[in-house]
Amino acid sequence: EYTSCVEWNRQVLERLSADPPDYVLTSQRGTKAYDTDGELTTDAMIEGLREAWSTLTSRGTEIVVIADTPHPGMNVYECVSERPNDLTECTYDRDRYHTDSAAPLLRRAAEGQPNVHFIDMFELICPSSPCAPVIGNVLIYRQGSHITATYVESLTPDLATELLAAGLPARSDELPD
């Protein structure tokens with residue numbers, strides 16, 4: 001058990017509860033937590049997320065859960081740099097979304113929870129199979145499962161659309177034409 005993480009999370013939740021914000025955006029990569037028997041389980045993680053979220057939603061905070069992106073299983077930027085004329089060597093299987101991402105767990109945790117909104121941008125990160133390393137001349141991954149700032153900026157209008165669809169405010173000048 002990572003007591004320092006548990007303590008940090010407790011303090012963050014305490015501060016947010018004391019002065020509840022309108023919105024909390026959250027995401028994560030981890031899929032398991034310790035249950036009462038000391039076993040690491042996905043059910044314990046889901047229960048822990050729901051408990052933390054309900055602490056905040058009971059005080060009027062809306063929770064926006066952004067789905068985790070899968071780890072492509074390589075350093076995409078290195079592959080693209082080494083193989084600029086054969087990017088097919090830098091693709092990865094779409095199934096990694098289900099096997100190497102917390103997105104399915106986050107979706108389950110958010111289901112049916114009042115004032116908890118789940119946003120999944122994976123279809124825009126990997127619109128075809130296999131997942132491409134570059135879309136529209138923009139490198140998608142910078143390191144591990146991290147998306148490049150340039151690709152994130154290209155998704156801003158789509159994120160605004162998702163936020164509005166969830167009933168949350170977004171600037172209209174960020175919407176796609």
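**Close-up views of a helix pair and two nonpolar cores**

Helices α1 and α2 cross at roughly 20 degrees, under the 35 degrees that marks the limit, and are therefore roughly parallel to each other. This is a predicted model, and the legends below walk through it one close-up at a time.

**View 1. The crossing of α1 and α2.** Here we look at α1, residues 3-18, beside α2, residues 42-57. Their axes come within 9 Å, and the crossing is right-handed.

**View 2. Residues where α1 meets α2.** On the α1 side, the contact is made by L13, L16 and S17. Their partners on α2 are A52, T55 and L56. Sorted by character, the residues of this contact comprise four nonpolar and two polar, with no charged residue.

**View 3. The largest nonpolar core.** This core holds 23 residues. If you want to know which members touch the most others, look for Y92, F122, I125, I140, Y141, I147 and Y151. Two elements, α3 (76-82) and α6 (122-125), each give two or more residues to the core. Of these, α3 gives the most, with three residues.

**View 4. The surroundings of Y92.** Zooming in on one member of that core, we find Y92 touching P70, P72 and M74 as well as F122, I125 and C126. Y92 also touches P130, C131 and Y141. Residues up to four places away in sequence are not counted here.

**View 5. A second nonpolar core.** Separate from the core around Y92 is another one, made of 16 residues. Among them are A33, I63, L105 and V116.

Notes. Residues are numbered from 1 along each chain as its sequence is written. This is a predicted model: local features need pLDDT of at least 70, side-chain atom pairs count only at pLDDT 80 or more; totals for chains, interfaces and linings use all residues. Side-chain values use heavy atoms; hydrogens and water are left out. Axes are lines fitted to C-alpha atoms, for helices over the stretch in contact, and angles run from 0 to 180 degrees between N-to-C directions. Helices (H or I, at least four residues) and strands (E, at least two) are DSSP runs, numbered from the N terminus. Angles under 35 degrees count as roughly parallel, over 145 as roughly antiparallel, 65 to 115 as roughly perpendicular and the rest as oblique. A crossing is left-handed if the near helix is turned anticlockwise from the far one by less than a right angle, and right-handed if clockwise. Contact means heavy atoms within 4.5 Å. Ala, Val, Leu, Ile, Met, Phe, Trp, Tyr, Cys and Pro count as nonpolar, Asp, Glu, Lys and Arg as charged, and the others, Gly among them, as polar. A nonpolar core is a set of buried Ala, Val, Leu, Ile, Met, Phe, Trp, Tyr and Cys residues joined through side-chain atoms within 4.5 Å. Buried means under 20% relative accessible area, exposed over 50%, partly exposed in between (1.4 Å probe, protein chains only).
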